[in-house]
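User: I have a predicted model open and would like to understand the reasoning behind some of its labels. Could you take me through them?

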Amino acid sequence: MSEPAGAKPTRFLRDYRAPAWRIDDVELVFDLDAAATIVQARLSLRQDDAAAPLELDAEALELLELRIDGRVLGADEFSLAADRLVVPGARGPLVLESRVRIAPERNTALQGLYLSGTREQGFLLTQCEAEGFRRITPFLDRSDVLARYRVTLRADRARYPVLLANGNADGAGELGDGRHWARFVDPHPKPSYLFALVAGRLESIERTFVTAEGRRVRLVIHAEADAIGRCGWAMQCLEQAMRWDEERFGRCYDLDAFHVVATHDFTMGAMENKGLNIFNAKYLLADPASATDDDHRHVLAVVGHEYFHNWSGNRVTCRDWFQLCLKEGLTVYREQEFESDLASRTLRRIEDVRLLWRAQFSEDAGPLAHPVRPDRYSEINNFYTATVYEKGAEIVRMLGVVLGRDGFRRGLDLYFARHDGHAATIEDFLAALGDANGVDLSPWLAWYEQAGTPELRASGRHDARRRCYELTLEQHTAPTPGQPHKRALPIPVAIALFDAAGRALPLRLDGEDADTAAHERVLLLDRDAATFRFADIDEAPTPSLLRGFSAPVRLVQDTPPPALAALARHDSDGFNRWFAGDALVRRLFAQALAGSEPDAALFAAWTACVGSALDDPGVDPALAAEMLTIADATSLADGLADIDPEAVHQARARIETGLAVALASKLVRRHAALGDLDDLAVDPATQARRRLRNACLAALCRADAAHAPLARAQYARARNLTDRLAALGALLGMRDTEADAALADFAERHAGDALVLDKWFSLQATEADPRACERVAALLVHPAFRWSNPNNVYALPGAFALRNPRAFHRVDGDGYRLVADAILRLDALTPQVAARLATAFGAWRRYEPLRRALMRRELERMLGRERLSPDLADILGRSLAGT
């Protein structure tokens, strides 16, 4: 298929060439104003390829003047096209000076320098990843050009009292006429995508942190006046992240100050700009009255994630955007370990795997499938995907499993030492980990190069005469776009064997010494199939496979239901206890989807497992809550062909309601026992108990409408947002007579708080009712909804399209039309957001024929629109490729 109209030309990894020119030093002077900002740049360039002309990236700029070594260039000495400034006669080394005018308030793409809020009340900020810096000044806007920056900001003091840029403060003063200036110098070389500035009326909170190396660091969080009071939790999280990174990975902070800024207008979650992180406010602001327990945990994770980038992304960056997973996958893994160490490791692992199944496995099964390191792309903004982030983190986790905690730390230390201040590749990362441990990790490159989710088949046989247990593992990966043939991958399978009494058995492979036996070990399957024989096994054991989800694969096993039930009740690995229960759910779901009556013995085994978790005070309440919460419809449909979303919903609802009815008495007791929690505490233990109490409430309301008074009472007395939203969701889900009144009360109670109202939007957008389509259409004209605000879009049409399969896939096609119209409207404002919303159509081939045809029609309608952005044209073109 040819490139769709509007799409950029395809770039290929194989075509990578080192830059012909490099920039060593950058001096920037900004005269800041929302309507018209003047940017003066002075670049010290050198030429590595004597034959190459000087070509700089430049978009949406008005060029006022261009000089080389002090001489003004005439119009015939350069050319400025839509995205490129070319100076054909230039020869290095040289100093290039430019002066341009840009219009931040008209920059609705939210890339480069833009205005958040109104001209009178908002503030200026930047977002330069991946290719936004070219909207600020002509530049070699690529990740392998690292330079040192000296930045001066000048602005009206009354309108922009706070001036910030990367690096250390290097002076400030008055200019006269009510204007002032501030200068910043960053001693660390960085690529242009990490450049940042902020200017506006902002309040701040501040603390001092002393690093393990003795450096005193100012920690400053900035937000607008109405939000600064909700930044205290983020400050605690930042201090915890800095200390944890020192203790776990030996990484200390390296500047005099660390600034964090909150904004409501941001296309991403946050951005790790060196020393000046910019956050979407939803991942920074948190207090019990206006943020849920999950929000508090997300703030902890995202603050940690962006801080950890200081080394895994900033000090060592990626050579090119094909290597995006090098910084993101590694940093997601570090974030996961951080939250796991501070809170519940089991809960974090379950949530990560749920996300992987829902988002990444689905992505791998459709036309948007791509390797963790893509071999080609048209628009790089469209590769900030679950595959790059979540699957990328899973690969790092597998390497950690194989190397062990100490071995992984040695490898990461070597990686940072070798590549500090440079732009690296996946090969560099694997080489450092391997060299530090004396092993060849080159076979792991296949995980980065190959798309698709491997299927791992496991079967076991006990030989009583020989007192051994044979475990056969086989792997297979289905074809994906552009990759019809797949190689065998190295797959680490963490395993334990349990006897009939639930005791873990010592594991010794045939031929090994007896003193090597351990109760858990890792088997490495690095071929299509292999059989592992364990010695001294006197009875048929129950295998616990993929402990901790040691590899991102689909596990197909022959473990009988009673054995799975035993694991779900007794497995010492919290994740695998949940994993065994999930396997039982999926067998019940398959029966219900086929239209047959679920097997009574299987259902009884499953409910007994969940009931045991509810009754056992020794079980982590967060784990009990997760065992009570069955997989979402998208995850349950994973691997199916000709999906009928309505049938999936009905099958899921049938077993979900059946569980609630079967456990009603236990749910009542546990809910009552958890009723005296501290409403305002957000420590992990209290959050876990609150999570279970609300899971019990939701289940009780599904079981019988007679429990509605519990939800009404909780809504009325709730002092924290977690409990209020949980009660509101329960009332809405059961279509209680007071649900609409509660929705109206919630909107009035939280009027003016955009982040809380986003939750109100999402709750209604994700109601598993076909009528949610009309509700969303009405909410799109609500006074609190702004098309220009990415958070609003993700909360309403985004939540509807990506998290409400029953209503989005309504058989009349109205859900598709609603979302397609939203995408086209958004494309003219914020193309990145439009493209992300369009991924909801990506798996269209997997649905039954009628819905498949309706989705294809909308894809073709959108692709036929004139003047599509490259972001959207790329997603639509890849979605339809091959048709």
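User: What makes the crossing of α8 and α9 left-handed?

Analyst: Happy to start there, keeping in mind that this is a predicted model. A crossing is left-handed if the near helix is turned anticlockwise from the far one by less than a right angle. α8 passes α9 in that sense, so the crossing gets the left-handed label. The two axes cross at roughly 145° and come within 7 Å.

User: How do you know which residues make the contact of α8 with α9?

Analyst: Contact means heavy atoms within 4.5 Å, so a residue is listed if it meets that cut-off across the helix pair. From α8 the list holds P561, L564, A565, L567, A568, R569 and H570. α9 brings R577, A580, G581, A583, L584 and R587. By class, this contact has eight nonpolar, two polar and three charged residues. G581 belongs to the contact and counts as polar because Gly is placed in that class.

User: Why is the largest space in the model called a cavity?

Analyst: The word applies because a 1.4 Å probe fits there but cannot get out. The largest cavity holds about 80 Å³ of space, and a search of the whole structure finds five cavities of 30 Å³ or more.

User: What makes a residue part of the lining of the largest cavity, and which helices supply at least two residues each?

Analyst: A lining residue has an atom within 4 Å of a cavity point. R354, W578, G581, D582, V585, W606, V610, E626, M627, T629, I630 and A631 line the largest cavity. The helices that each supply at least two of them are α9 (574-593), α10 (600-615) and α11 (621-628). α9 gives four residues, the largest share. Sorted by class, this lining has seven nonpolar, two polar and three charged residues.

User: How many charged residues are in the lining of the second largest cavity, and how do you know?

Analyst: There are no charged residues in that lining, against seven nonpolar and three polar. The residues are P543, S544, L545, L555, Q557, L564, L567, N576, F579 and A580. Asp, Glu, Lys and Arg are what count as charged, and none of them appears there, so the charged class stays empty. The volume of this cavity is about 60 Å³. β30 (542-545), β31 (554-557), α8 (561-570) and α9 each supply at least two residues of the lining. L564, L567 and A580 of this lining also take part in the contact of α8 with α9.

User: Moving on to strands, how do you know that β11 and β16 pair?

Analyst: Two strands pair if at least two bridges are found between them. β11 (residues 123-127) and β16 (residues 197-200) have two bridges, so they qualify, in the antiparallel sense. In this pair L125 stands opposite V198 of β16.

User: Why are β10 and β13 called edge strands?

Analyst: β10 (112-116) and β13 (162-165) each pair on one side only, which is why they count as edges. The open sheet has four strands in the order β10-β11-β16-β13, with antiparallel pairing. Its neighbouring strands are turned by 15° against each other on average, direction ignored.

User: What makes β3 a partner of both β2 and β9?

Analyst: The bridge counts meet the requirement of at least two in both cases, so β3 pairs with each strand. β2 (residues 21-31) and β3 (residues 37-47) share 10 bridges in the antiparallel sense, with R22 opposite R46 of β3. A hairpin of five residues joins these two strands. β3 and β9 (residues 94-102) are antiparallel over nine bridges, and A41 stands opposite S98 of β9.

Conventions:
Residues numbered from 1 in each chain as written. Predicted model: local features only at pLDDT ≥ 70, side-chain atom pairs only at ≥ 80, totals over all residues. Heavy atoms only, no water. 1 Å grid on protein atoms, 1.4 Å probe; cavity = no way out; pocket = protein on both sides within 12 Å on 5 of 7 lines; lining within 4 Å. Points joined across faces, edges and corners; volume = space filled by probe spheres on them. Axes fitted to C-alpha atoms, helices over the stretch in contact; angles between N-to-C directions.
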